[in-house]
Amino acid sequence: MIELSNVHKGFGPKQVLAGVNLTIPRGESMVVIGGSGTGKSVLLKCILGLMTQDSGTITLDGEDTLKAERDAFLARFGMLFQGGALFDSLPVWQNVAFRLLRGSLARPWPEAREIAVEKLRRVGLTPDVADLFPAELSGGMQKRVGLARAIAAEPEIIFFDEPTTGLDPIMSGVINDLIREIVVEMGATAMTITHDMSSVRVIADKVAMIHGGKVQWTGPVADMDASGDPYLTQFISGSAEGPIEAVR
């Protein structure tokens with residue numbers, strides 16, 4: 001469904017993506033892993049068109065993403081942001097229904113609120129949460145609200161940017177399970193960027209590791225531990241010894 005072919009992106013002398021080739025099949029969950037600063041977020045932003053790659057092509061259903069009509073293109077995506085990215089001045093239900101109150105997806109307010117409450121329920125939050133403000137919620141609840149917003153418009157493709165950052169291990173497990181359930185339930189194509197290996201094992205159908213600006217290894221999550229790739233082995237074991245140099 002999404003294909004990246006020889007994608008390059010640099011910032012001044014620093015080459016972040018140096019020939020990325022990656023295919024994300026329809027209806028599958030791809031998790032992209034790699035160390036901090038390896039270009040995972042840049043890759044995601046290039047797919048969404050928030051950044052323009054220097055060279056190479058990115059296609060969605062065979063269409064070059066740079067030539068797509070922007071509103072129709074973005075309407076196919078849902079996004080769970082790393083920091084939640086909730087609007088402090090809006091109540092929870094308006095955060096969840098943000099896209100349903102604007103643009104080509106706009107619905108009447110009562111209908112949008114009803115959808116928002118249902119999506120909140122789907123992520124384990126009660127209807128009374130709908131009228132609270134983000135500041136009144138715990139970190140785990142905010143992450144659930146962000147997930148509810150990501151699925152509110154029934155997108156075909158969902159991106160998850162470090163979905164468990166800042167959460168304790170128990171809440172991380174809850175969020176991982178919710179993401180997996182929702183992706184399977186919706187039949188969505190999913191792409192997650194994370195360095196949390198517990199998330200990888202729950203969420204992923206396939207894994208791609210980025211190192212040195214390229215995809216170092218990609219394959220089914222079940223093959224990850226026995227990959228034989230020294231970079232991947234070092235990363236998933238968290239060892240300081242190996243081909244990846246630790247910054248000291």
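**Exercises on a predicted model**

In this predicted model, residues 24 or more positions apart account for 63% of the contacts in the chain with a separation of 6 or more.

**Exercise 1.** Work out how the radius of gyration of the chain stands against the globule rule for 248 residues.

*Solution.* Begin with the secondary structure, in which the chain has eight helices and 10 strands. The radius of gyration is 18 Å, and the globule rule for 248 residues also gives a value of 18 Å, close to that of the chain, so the chain is as compact as a globular protein of that length. As a further description, the C-alpha trace spans about 55 × 40 × 35 Å along its principal axes.

**Exercise 2.** Decide whether V32 counts as buried or exposed, and describe its surroundings.

*Solution.* First place the residue: V32 belongs to strand β3, which covers residues 29-33. Next apply the cut-off, by which buried means under 20% relative accessible area; because V32 has a relative accessibility of 1%, V32 counts as buried. Then look at its contacts, where, leaving aside residues up to four places away in sequence, V32 touches L22, K40, L43, M191, T192, I193, T194, A208 and I210. Finally, take a residue for distance: L86 is 54 residues from V32 in sequence, and their C-alpha atoms are 24 Å apart in space.

**Exercise 3.** State what share of the 248 residues is buried, and describe the surface and charges of the chain.

*Solution.* Buried residues make up 48% of the 248 residues. The accessible surface comes to about 11400 Å², and carbon and sulfur atoms hold 54% of that area. As for charge, the chain has 23 positive and 30 negative charges, whose mean positions are 3 Å apart.

Technical notes. Residues numbered from 1 in each chain as written. Predicted model: local features only at pLDDT ≥ 70, side-chain atom pairs only at ≥ 80, totals over all residues. Heavy atoms only, no water. Helix = DSSP H or I, 4+ residues; strand = E, 2+ residues; numbered from the N terminus. Rg over C-alpha atoms; globule rule 2.2 N^0.38 Å. Buried < 20%, exposed > 50% of the residue type's maximum accessible area, 1.4 Å probe, protein only. Contact = heavy atoms within 4.5 Å. Areas by Shrake-Rupley, 256 points an atom, 1.4 Å probe, with all protein chains shown as cover. Lys, Arg positive; Asp, Glu negative; His and termini not counted. Charge placed at Lys NZ, Arg CZ, Asp CG, Glu CD.
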